[in-house]
Amino acid sequence: MDIRQRLARNLRLLRQEKGWSQEVFAEEAGLHRTYISDLERGARNPTITVVDKLAVALGVTPGRLLD
């Protein structure tokens, strides 16, 4: 599994654990819903700044998203 697939899997699992829709997650992270969708499908390569925004929104470390 490559890093984009790991990120996609972890984002989806952590978002679902919180009971958030992609739209709610996007609002919490300050991103667009379609961008979240692309990330969860492994279709985008986010910058480290975006990874940090995602981690802060989910309440985890950036490294947790990439494990």
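This short presentation looks at helices H2 and H3 and at a few of their residues.

Good morning. Please keep in mind throughout that the structure is a predicted model.

I shall begin with helix H3, which spans residues 33–40. Is this helix mostly covered or mostly open? It is mostly covered, since six of its eight residues are buried. Those six are Tyr-35, Ile-36, Ser-37, Asp-38, Leu-39 and Glu-40. The elements that cover them include helix H1 (3–18), helix H2 (22–29) and helix H4 (48–58). Just beyond the helix, Gly-42 adopts a positive phi of about 75°.

Within H3, I should like to draw attention to Glu-40. Its relative accessible area is 5%, and because the cut-off for burial is under 20%, Glu-40 counts as buried. What does its side chain meet there? The side chain of Glu-40 forms a polar contact with the side chain of Gln-22, at 2.9 Å. If neighbours within four places in sequence are set aside, the residues in contact with Glu-40 are Ala-8, Leu-11, Arg-12, Arg-15, Gln-22 and Phe-25.

Phe-25 brings us to helix H2, where the buried residues are Phe-25, Ala-26 and Ala-29. They span an arc of only 100° around the axis, and therefore lie on the same side of H2. A general point about helices is useful here. An α-helix has 3.6 residues a turn, so residues three or four places apart point the same way. As for partners, the buried residues of H2 pack against H1, H3 and H4. After H2 comes Gly-30, and its phi is also positive, near 75°.

Let me turn finally to the aromatic rings. How many aromatic pairs are there? The count is one. The pair consists of Trp-20 and Phe-25, with ring centres 6.0 Å apart and planes at 35°. Why is this pair called tilted? Planes under 30 degrees apart would count as stacked and those over 60 as edge-to-face, so an angle of 35° falls in the tilted class. Both partners are buried, although their values should be quoted separately: Phe-25 has a relative accessible area of 0%, while Trp-20 has 19%. Trp-20 still counts as buried because the limit is under 20%.

To close, I would return to two residues. Glu-40 is a buried residue of H3 whose contacts include Phe-25, and Phe-25 is in turn a buried residue of H2 that is paired with the ring of Trp-20. Thank you for your attention.

Note on methods. Residues numbered from 1 in each chain as written. Predicted model: local features only at pLDDT ≥ 70, side-chain atom pairs only at ≥ 80, totals over all residues. Heavy atoms only, no water. Helix = DSSP H or I, 4+ residues; strand = E, 2+ residues; numbered from the N terminus. Buried < 20%, exposed > 50% of the residue type's maximum accessible area, 1.4 Å probe, protein only. Polar contact = N/O pair within 3.5 Å; in protein donor to acceptor, adjacent residues only side chain to side chain. Contact = heavy atoms within 4.5 Å. Phe/Tyr/Trp six-rings, centres within 6.5 Å; stacked < 30°, edge-to-face > 60°. Arc of directions from axis to C-beta.
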